[in-house]
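Please open the structure in your viewer and keep the sequence panel visible beside it. The tour begins with the whole chain and then moves to selected residues.

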Amino acid sequence: MQTDSFVLRHLGPNRKEINHMLKTVGVESLQELVHHTVPDDIRLNAELDLPEALSENEFASHIQKLGNKNKQFKSYIGMGYHPTSLPAVIQRNIFENPSWYTSYTPYQAEISQGRLEALLNYQTVITDLTGLPIANSSLLDEGTAAAEAMLMLFNGRSRAQKKSNALSFFVSEELFPQTRDILLTRAEPLGIKLVYGDHEEALLDESFFGCIVQYPGKHGKICDYTEFINKAHEQDCKVVVAADLLSLAILKSPAEMGADVCVGTTQRFGIPLGFGGPHAAFFATTESYKRNIPGRIIGVTLDTDGNRALRMALQTREQHIKREKATSNICTAQVLLAVMAGMYAVYHGGEGIKYIARQIHSLTNILNDACTKLGLEQENQNFFDTLKIKVSNAHKLKDIAEAKEVNFNYVDNNTISVSINETTTLEDVEEIIDILAHSENLYSFKVTDCPVSMSIPTGMRRISSYLTHEVFNSYHSETEMMRYIKRLERKDISLADSMISLGSCTMKLNAATEMLPLSQSNWNSIHPYVPVQQAQGYHEMLRELESQLNVITGFAGTSLQPNSGAQGEYAGLMVIRAYHRSNGEEHRNICLIPASAHGTNPASAVMAGMKVVVTKTSENGNIDVDDLKEKAELHKENLAALMVTYPSTHGVFESTIREITGIVHDNGGQVYMDGANMNAQVGLTNPARIGADVCHLNLHKTFAIPHGGGGPGVGPICVAEHLVEFLPSNPIIKTGGSKSIHAISAAPFGSALVDLISYSYIKMLGPSGLKRSTIIAILNANYLKSLLEEHYPILYTGEKGFVAHEMILDLRQFKAKGIEVADIAKRLMDFGFHAPTVSFPVAGTLMIEPTESENKRELDRFAAAMIQIKKEIDAYDGEDSVLKNAPHTQAMLTSDTWDHPYSRKEAAFALDFVAENKYWPTVRRVNEAYGDRHLVCSCNPIEDYIEQD
């Protein structure tokens, strides 16, 4: 065994298993399998032009040297990003723990109660600190959260506002520039008019539907927005407050000022800077918007026995259901980071959070007093952690500060801002004073006292309580915190337990070597707005990753800025839109989308200002080429794009793909390829080869970034040469092309920290390892197909009877017996498996994607479980069955009474392998309808909300 070969560690099946699997599939070799699966006319003729693979040891040395090129200065830049102190108990037991970072979005509530509780804690932190009653379980970053708030208010306009065409949205001049840029991106396609200015001078009238203000302002000024909000409400104009969450521990809450929505980032709650992300954004609002709030909401419900259980609430808002009528394309969020931020609050409690906020404010007061003593003008009359200081020469100051390895925010030639943070000490403040004195040719001085002080006016101070719930007052010792995290961890299924064969989700190995650099300070402590020369390691890594992705996709340019797959979709469409406009063809606004497409596709198209025209699917599950051609020709004068997933969402390489892309080009459109299924392409074909112009990739699928329970994700876009100049920009750090669209996400390079994972994945697999991974993913899917097709119909296959990297089991015929697809999904939990994708893209089906990381033994176990379930379906004759009662909990199995017609062994240990690693769900089947009728999304006890009959 070649022990220094990473590809052998990444792939599940060994050579002996591969040979057995090939025989089962009915082919002689892997090459023959590829020949039968991938159309010859799109196959690549050469190997990927990438460097040969590094061993794990070689990569560890390489990434350490690269990381050392990042300079770890003390950064007081602020602007929405701050150094933090991540408690080690959270770092070791969550951030570095595969049981947390390899789990999936908690659609299957019964096997997700741990992270659902952690997210409920997070939502409680948000509702308590903002004072607003409803919060979701995270969004992508503060800028996109603000944009989502604007769109929610726009879509929620009153009938009168829609009739009068109220299109104006006021944007405070105090807003962070990155947020302002994203608002501009989102507003323009929808015809929203942004009006900028000072909120104290704003003249709001009936043409305005909303406003946004920053609290505290971008350079630290604190304003009480109560009067402004009241005036806005008089015009039926809603107000968004973008708030610093930590400041709300001592500042008057947005709800107390009358805010309708509050957004921001939870990065200050222990999350590393990571050169801009990933960080969990928060979004809180009033009860009236509970059915319009974007993203996920975790809610309280009951299980079959009437016990408290948690679930994702109000899922009818999902894009898969609403499609082009969806008001947001948000799918993945930042769950892992939200869990960490929530745990930060659990560990410190309300009093601890208040202590941290007061310490920061007190050190800021000391620095403010020092400015007065030095004779420097400090412009913020009221502040929390940031001072805006007038200086004689900012360039001179910058040279002195950087010589001492200190960064400030340089507003203009005579103004800086300094943001104090959780890691700042009194010695650090003295160093700042010394730098200021030296720059101004003044004598410095030592600070003799460090009192805890409050300079915030009484009327702007927080008086309401927060984080009084038991969970925030119970786990303040490391021992108790460690055990609490472990208790939650045991409630969930992750890749640390078993295969998660979710179709279209690619739940592959997230190797430890890929993850280790994320914990290194030379990677995770860099502010996104540091000068380029201080982040040379990052810039080299990101440039090489862009180059790697260009080679893999066959395209000419890449933007890593989109921080989710849905953001990548939107970015790709906005680039296409900009291209058409640059050619004087602004009228091109028709987007063709196959009926089988992912639900975010039509939602993204609408957000990009396009009109969706759906094309039909043929009986064999492929795109109906005749229908597509007819619609492309019908709309040829206005055709903007086709959105196509390849291989198809049905798990098939469609042989007509080049004909399809040719039809679109012949009629003036561009082709956007959804990269959700790129795991079946890498090294065998690519988007450029099939005729696409732009694609997004899911680095959290194909390129090994873990799903984290529902984020982080990264959705870069790769584009052909003619689209490179339109790639997205950033208002602070130069990115994008010469005719770039505005920002898609807040940070210049999106979630840059986790890009390290995909970079390492590609570096350690190399060209041959990447290609072999694709082929084994296809083999594993076809092996499972061979095992299961005698028991379940395979809904779609390619022309030669093979599937790509995933397949759809058709379970609709069982409905006549009273068996639903959900029964099978819940029964799989009793065997220790997370269900495959349920009822997508076809209702009443399971879509299965095993990935290349699972070995034959795991595939055999899954197949055995499915075959056993088929036997139970055949024997089903009533409601009281293992299928209808699944999943079975330990409490149920150990009860003194057992009055079911099947045995306890049949319930919990139907196959021998289950006993080797038995997983016990902690709740029985959850009541979905009850949770929506009685929406509870914070930590209050369920008894408070049960209606008395």
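Accessible areas are obtained by the Shrake-Rupley method with a 1.4 Å probe, and for residues only the protein chains shown count as cover. By this method, the accessible surface of the protein is about 33000 Å², and 46% of it belongs to carbon and sulfur atoms.

This is a predicted model, in which local features need pLDDT of at least 70 and side-chain atom pairs count only at pLDDT 80 or more, while totals for chains, interfaces and linings use all residues. Residues are numbered from 1 along each chain as its sequence is written, and side-chain values use heavy atoms, with hydrogens and water left out.

**The whole protein**

Select the entire protein and display it as a cartoon. It contains 32 helices and 24 strands; these are DSSP runs numbered from the N terminus, with helices (H or I) of at least four residues and strands (E) of at least two. Along the principal axes, the C-alpha atoms fill a box of roughly 85 × 70 × 65 Å.

Of the 949 residues, 65% are buried. Buried means under 20% relative accessible area, exposed means over 50%, and partly exposed lies in between (1.4 Å probe, protein chains only).

**Leucine 167**

Next, select leucine 167, which lies in the loop between helix 9 (159–163) and strand 3 (168–172). Is leucine 167 buried or partly exposed? Its relative accessibility is 22%, so leucine 167 counts as partly exposed.

Now display its neighbours. Leaving aside residues up to four places away in sequence, leucine 167 touches Phe154, Arg157, Gly191, Ile192, Lys193, Ser207 and Phe209; a contact means heavy atoms within 4.5 Å. Then add serine 112, which is 55 residues away along the chain, and note that the C-alpha atoms of leucine 167 and serine 112 are 42 Å apart.

**Serine 564**

Move on to serine 564, in the loop between strand 15 (557–559) and helix 21 (565–582). With a relative accessible area of 2%, serine 564 is buried.

Which backbone nitrogen lies 3.0 Å from a polar atom of the side chain of serine 564? It is that of glutamine 567. The side chain of serine 564 also reaches the backbone nitrogen of alanine 566, at 3.4 Å. A polar contact is a pair of N or O atoms within 3.5 Å; within protein, one must be able to donate a hydrogen and the other to accept it, and residues adjacent in sequence count only if both atoms are side-chain atoms.

Finally, select Leu140, Gly713, Val714 and Gly715, which serine 564 touches when residues up to four places away in sequence are not counted.
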